[in-house]
Structures are given as structure tokens and as C-alpha cells.
Amino acid sequence: MLSGLNHLTLAVTDLNRSVNFYHQVLQLQLDATWDNGAYLSLPGLWLCLSLDLSRPSEPAAEYTHYAFTAAADDFPALVARLRAAQVQEWRDNRSEGASFYFLDPDGHKLEVHVGDLASRLCACRAKPYAGMKFYP
């Protein structure tokens, strides 16, 4: 039986640039580096950056993305820091909770989001998506 998400590995084309982005800009803890990778973390998240020169640098055309949690009080300053780092925004927020959608240096789609599954379900119960069903 699964018990949670173990780790997330992102293929990157410039390890130093990506370590700097995730450690300095997003402020993840830097735990280890080696010639072809790095481990960073947040409470509940183990992130691996893996050097892969075959990774395309353009973001995929679909909606897959990775979302980080931020406290409502921290959200404006975090968005300001990301904009100061000149990240590319890839989507406007269209759902419950404050969100900022941006790309990392390799085109991975990321999001900073205020809220959780409980707040999302509460909002959806008030205004459900087309065809939405809820389960106990």
C-alpha cells in the first residue's frame, strides 16, 4: 500500500543554475550535491535535481505542474521575490486560493499556492466543476 509521495526528481540541463534557483530563489534547504545532481528539501518534500542534457528546455503544452504551499501572509513577498528573479509566468489563477504559476530555469511548470485539499473541496462544494461528484 502507498503511504505518500517519496520524492520528486526533475531533469535539469544546468545543475548549478537549478540549484541556485531552488535554493536561493525558492529557499529550499540544500542537503547534498554531486557532479550530476542535488538533493534539496522542504518539510515533507525530497527534491532531486538530476543533470540530463537531453531534457527539452521548452515547457510542455499540457497542464502537468508541481505546486508548493505558501502561507497567505507570505504569499505577496514570495511572488514579489519570484518576479524580481524574472521568472516566466505561464498561467493566471483560475481557482480557489491564491496561486502564482511560473517556470523554473528548465521550463518545469511550478505553482505557489495558498490553501489545501480541504479548502479546495469546500470551494468546490459551493461552486462545483461541471460533472463534479463528491465521495465520502
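Of the 136 residues of the protein chain, 32% count as buried. The model is predicted. Its pLDDT averages 94 over the protein chain, and 100% of the residues score at least 70. Among the elements, α1 has the highest mean pLDDT, 97, and helix α3 (residues 117-126) the lowest, 92.

## Overall layout

The protein chain has three helices and eight strands. Along the sequence they run β-α-β-β-β-β-α-β-β-β-α. The C-alpha atoms fill a box of roughly 50 × 40 × 30 Å along the principal axes. Long-range pairing is well represented in the contacts: among those between residues at least 6 apart in sequence, 51% join residues at least 24 apart.

## Nonpolar core

The largest nonpolar core holds 27 residues. Within this core, F21, Y22, L26, L49, L82 and F102 touch the most other members. At least two core residues come from each of β1 (8-12), α1 (15-25), β3 (37-42), β4 (45-51), α2, β7 (99-103) and β8 (109-113). Helix α1 supplies the largest share of this core, five residues.

What does L82 contact beyond its neighbours within four places in sequence? The partners are V25, L26, V87, F100, F102 and V112.

V79 lies in helix α2. Is V79 buried or exposed? V79 has a relative accessibility of 8%, under the 20% cut-off, so V79 counts as buried. V79 and F100 are 21 residues apart along the chain, yet their C-alpha atoms are separated by 6.9 Å.

## Pockets

Two pockets are set out below.

| Pocket | Volume | Nonpolar lining residues | Polar lining residues | Charged lining residues |
|---|---|---|---|---|
| Largest pocket | about 270 Å³ | nine | two | two |
| Second largest pocket | about 230 Å³ | eight | two | no charged |

The largest pocket is lined by 13 residues. L26, T69, A70, L78 and R81 are the lining residues that lie nearest its centre. L26 is also among the core residues that touch the most other members. Both β5 (66-69) and α2 (75-84) supply at least two residues of the lining. The largest share, three residues, comes from α2.

Which residues line the second largest pocket? They are L5, L8, L42, P43, G44, L45, Y66, A67, F68 and T69. Here β5 gives the most to the lining, with four residues. T69 appears in the linings of the largest pocket and the second largest pocket. The lining of the second largest pocket has no charged residues, whereas that of the largest pocket has two.

## Backbone outliers

Most residues other than glycine have a negative phi. Two glutamines depart from that sign. Q27 is not a glycine, but its phi is positive, about 65 degrees. Q27 is found in the loop between α1 and β2 (29-34).

Q86 also has a positive phi, near 60 degrees, in a residue other than glycine. Where does Q86 sit? Its place is in the loop between α2 and β6 (89-91). Q86 counts as exposed because its relative accessibility is 71%, over the 50% cut-off.

Technical notes: Residues numbered from 1 in each chain as written. Predicted model: local features only at pLDDT ≥ 70, side-chain atom pairs only at ≥ 80, totals over all residues. Heavy atoms only, no water. 1 Å grid on protein atoms, 1.4 Å probe; cavity = no way out; pocket = protein on both sides within 12 Å on 5 of 7 lines; lining within 4 Å. Points joined across faces, edges and corners; volume = space filled by probe spheres on them. Nonpolar A, V, L, I, M, F, W, Y, C, P; charged D, E, K, R; others polar. Core = buried A, V, L, I, M, F, W, Y, C linked by side-chain atoms within 4.5 Å. Buried < 20%, exposed > 50% of the residue type's maximum accessible area, 1.4 Å probe, protein only. Contact = heavy atoms within 4.5 Å. pLDDT = per-residue confidence, 0-100.
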